[in-house]
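Let's walk through this protein together, starting with one helix and working outwards. Keep the 3D view open as you read.

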Amino acid sequence: MPKKNTNNDLIKDYIEHIKKEKKVSEGTITTYKNVGENLPFNILSGQPTIIAKLKDLYSNPNTLQLYLNMIILVRRHNNEETDKLIKLRNSLKDDIIKSRKKNLDELDEKLPSYDYIMKELNESTKSRYILNYLILNHGFRNSSVNLKFVKSLPPVQDRKENYIMIKGKDVLLNINDYKTVASHGPKEIKIKDDKFRNELKSLNLKNDDYLFPKKNGDKITSVSTFNDKIINHTIDRLGQNKLFKIVIKKLLSNKSFDKLDQISNDRGTSIDVLLKSYNLHNGHDNNEKEKED
């Protein structure tokens with residue numbers, strides 16, 4: 001395989017390769033490109049050089065892991081050695097766990113209660129209600145709520161976007177573009193909430209209108225622009241990530257494991273990831289358990 005000269009060439013080549021093998025979300029592609037653009041060295045440099053430069057650039061173990069993951073994937077695609085990079089990545093696991101617990105513990109002290117956000121949800125209307133409802137009841141990420149209103153779904157092979165439609169007394173969601181679609185596949189979710197249906201109808205959307213469009217009505221394709229728009233519509237501008245953590249804490253406190261399983265499936269995230277990355281109990285409670293052990 002001929003070598004590419006720049007990181008952008010390498011990333012582009014790798015993205016084209018994986019797109020042939022599996023479905024990849026636009027958010028993932030954007031992340032890959034951003035990683036490549038931010039690296040001040042070539043991904044195919046010697047492993048000791050890469051390790052030294054990464055350690056100089058990034059002290060946060062999560063950030064370091066993100067860059068290592070991308071570099072390892074691209075190097076494998078180009079038949080370059082990765083053993084030293086993998087060893088470094090594996091060594092970060094304990095630091096990442098400690099950092100995650102500390103951040104979750106600090107965040108728990110700052111977030112509003114579940115009862116408060118549900119009160120705010122019930123008092124909201126129109127697209128703001130729809131957005132926050134999908135985050136709180138179905139664990140939707142930002143990319144999943146980039147929804148197109150349709151009167152009927154396109155043929156299966158043509159479903160490239162996320163669709164929302166009214167079907168009888170229900171609202172049907174067909175989700176094809178989200179972060180983990182490659183591993184979890186397209187999703188179809190039926191919503192029976194009367195207020196949700198009424199708020200959607202009150203928007204008077206026409207066929208192919210977007211729920212959160214540009215000013216001219218077109219789809220927002222820039223991830224950062226869409227994320228900015230979404231955070232402004234979330235309760236107290238908390239964003240989907242923090243709202244989702246409040247929900248997970250409530251479900252675990254109530255031992256609502258069926259709902260936890262449902263929200264895990266709807267989001268496209270494993271229970272294991274939910275418990276490690278979104279569990280606000282994970283900070284204090286797990287630190288105490290470690291002391292006991």
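Start at helix 10 (residues 194–202), which lies across strand 1, strand 2, strand 3 and strand 4 and runs at about 105 degrees to strand 2. Helices (H or I, at least four residues) and strands (E, at least two) are DSSP runs, numbered from the N terminus. Lying across implies contact, meaning heavy atoms within 4.5 Å, and angles run from 0 to 180 degrees between N-to-C directions, with axes fitted to C-alpha atoms, for helices over the stretch in contact. This is a predicted model: local features need pLDDT of at least 70 and side-chain atom pairs pLDDT 80 or more, while totals for chains, interfaces and linings use all residues. Residues are numbered from 1 along each chain as its sequence is written, and side-chain values use heavy atoms, leaving out hydrogens and water.

Now for the sheet itself. Its four strands form an open arrangement in the order 1-2-3-4, with mixed pairing; two strands pair if DSSP finds at least two bridges between them. Strand 1 (147–149) and strand 4 (187–191) are the edges, each pairing on one side only. On average, neighbouring strands are turned by 25 degrees against each other, direction ignored. Strand 1 and strand 2 (residues 162–167) run parallel and are joined by three bridges; here Phe-149 stands opposite Ile-164. Helix 8 (residues 126–138) also lies across part of this sheet, namely strand 1, strand 3 (170–175) and strand 4, at about 110 degrees to strand 4.

What about the nonpolar residues? The largest nonpolar core has 43 residues, and Leu-134, Ile-164, Leu-173 and Phe-196 are among those with the most contacts inside it. Such a core is a set of buried Ala, Val, Leu, Ile, Met, Phe, Trp, Tyr and Cys residues joined through side-chain atoms within 4.5 Å, where buried means under 20% relative accessible area (1.4 Å probe, protein chains only). A second, separate core of 28 residues includes Leu-10, Val-35, Leu-64 and Val-74.

Is Asp-170, in strand 3, buried or exposed? Asp-170 counts as buried because its relative accessibility is 16%. Its side chain makes a polar contact with the side chain of Lys-192 (3.2 Å); such a contact is a pair of N or O atoms within 3.5 Å, one able to donate a hydrogen and the other to accept it, and residues adjacent in sequence count only if both atoms are side-chain atoms.

How values were computed
Buried < 20%, exposed > 50% of the residue type's maximum accessible area, 1.4 Å probe, protein only.
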